[in-house]
Amino acid sequence: MSEALLSGRGLTLRFGTITALDGVDADLWPGEVLAVVGESGSGKTTLLNVLAGRLRPDAGHVWYREPDGHVADVHAMPLPVLRRLHRSDWGFVQQDPRAALRMDVSAGGNVGERLMAAGARHYGHIREEAARWLEEVEIDVARMDDRPSTFSGGMLQRLQIARTLVTHPRVVFMDEPTGGLDVSVQARLLDLIRTLVRRLGIAVVLVTHDLAVARLLAGRIMVMQRGRVVEDGLADQVLDDPRHPYTQLLVSSVLAA
């Protein structure tokens, strides 16, 4: 493995007769935001889940460089080890925050639970850190004891981000984090994500169908079509001077919209 933080090699996965991934290679470097783009069915979300250890490929490997420099095979990890990794070094932001949050637990409790899962035990410190992270994502601390069921969609997504980032993960996987939000809410959330990711130096794998989101957040873009990577390069390079016909079609369809 190279000095990449996360590497996938030869990733192949089929669902019946459908090939979701066809020999995909992918690298994520420390502090990098990598956007994986493509139309529905291109394989981008499948790749995200395979890299995150949520789906096991039929062939290929995912390697993770741990803080001590040891390189681990993600899909060879015992399940308890992988779960611990997801509670500490890794984070996952889902498109629907309701699937990630506990809606019957307070906002502060949702953030604090991840700290406790990572080993924190002092109630006062946990509550203090939860309050600090609510402020980080622009949620009024006065709402700390309110349940997420009383929050708007944009607030729910910001709460999910606070819950994810409170343990200062090295890698965060994001699956359409702004999907389904109003344009004004989306813009505010994107600005928040960009600010936090840059300040904390987090490496991110971002799946999105929205090229504007990819341009704003990512330094590099991978374009997928039918389970294969057809183009990979710096974000501005890929979007301003696309080489592959499929990428050209994606970019032109946005410009024509």
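Where along the chain is Thr167 found? Keep that one in mind; Exercise 1 answers it.

Before you start: this is a predicted model, where local features need pLDDT of at least 70, side-chain atom pairs count only at pLDDT 80 or more, and totals for chains, interfaces and linings use all residues. Residues are numbered from 1 along each chain as its sequence is written, and side-chain values use heavy atoms, with hydrogens and water left out.

**Exercise 1. Place Thr167 and His168, and list what each one touches.**

Step 1: find the element. Thr167 is found in the loop between helix 5 and strand 7 (171–175). His168 lies in the loop between helix 5 and strand 7 as well. Helices (H or I, at least four residues) and strands (E, at least two) are DSSP runs, numbered from the N terminus.

Step 2: check the burial. Buried means under 20% relative accessible area, exposed means over 50%, and partly exposed is in between (1.4 Å probe, protein chains only). Thr167 has 17% relative accessibility, so it counts as buried. His168 has 44%, so it is partly exposed.

Step 3: list the contacts, meaning heavy atoms within 4.5 Å. Skip neighbours within four places in sequence, and Thr167 is in contact with Arg87, Ser88, Arg114, Leu115 and Ala118. Do that for His168 and you get Glu129, Arg132, Trp133 and Leu200.

Step 4: try some distances. Thr167 and Leu181 are 14 residues apart along the chain, and their C-alpha atoms are separated by 26 Å. For His168 and Val81, 87 residues apart along the chain, the C-alpha separation is 18 Å.

**Exercise 2. Describe the overall build of the chain.**

Step 1: count the elements. You should get nine helices and 10 strands.

Step 2: test the compactness. The radius of gyration is 18 Å, close to the 18 Å that the globule rule gives for 257 residues, so the chain is as compact as a globular protein of that length. That radius is taken over C-alpha atoms, and the rule is 2.2 Å times the number of residues to the power 0.38.

Step 3: get the extents. Along its principal axes, the C-alpha trace spans about 55 × 45 × 35 Å.

Step 4: look at inside and outside. Of the 257 residues, 51% are buried. The accessible surface comes to about 12100 Å², and 51% of it belongs to carbon and sulfur atoms. Such areas come from the Shrake-Rupley method with a 1.4 Å probe; for residues, only the protein chains shown count as cover.

Step 5: see how far contacts reach along the sequence. Among contacts with a separation of 6 or more, 67% join residues 24 or more positions apart.

**Exercise 3. Which residues have the most contacts inside the largest nonpolar core?**

Step 1: know the term. A nonpolar core is a set of buried Ala, Val, Leu, Ile, Met, Phe, Trp, Tyr and Cys residues joined through side-chain atoms within 4.5 Å.

Step 2: read off the residues. The largest core has 49 residues, and Val111, Leu159, Ile161, Val204 and Ile221 have the most contacts inside it.

Step 3: zoom in on one of them. Beyond its neighbours within four places in sequence, Leu159 is in contact with Leu101, Ala107, Val111, Leu134, Ile139, Pro148 and Phe151.

Step 4: find the other core. Apart from the largest one lies another core of 31 residues, including Leu48, Val74, Phe173 and Met222.

**Exercise 4. Compare the settings of Glu138 and Arg226.**

Step 1: check the backbone angle. Glu138 isn't a glycine, yet its phi is positive, about 65°. Arg226 isn't a glycine either, and it has a positive phi of about 50°.

Step 2: place them. Glu138 is in the loop between helix 4 (123–136) and helix 5 (153–165). Arg226 is in the loop between strand 9 (220–225) and strand 10 (228–234).

Step 3: check accessibility. Glu138 is partly exposed at 41%, while Arg226 is exposed at 68%.

**Exercise 5. Is Gly8 buried or exposed?**

Step 1: locate Gly8. It lies in strand 1 (residues 6–15).

Step 2: read its area. Gly8 has a relative accessible area of 0%, so it is buried.

Step 3: name its contacts. Not counting residues up to four places away in sequence, Gly8 touches Val24, Asp25, Ala26, Leu51, His61 and Val62.
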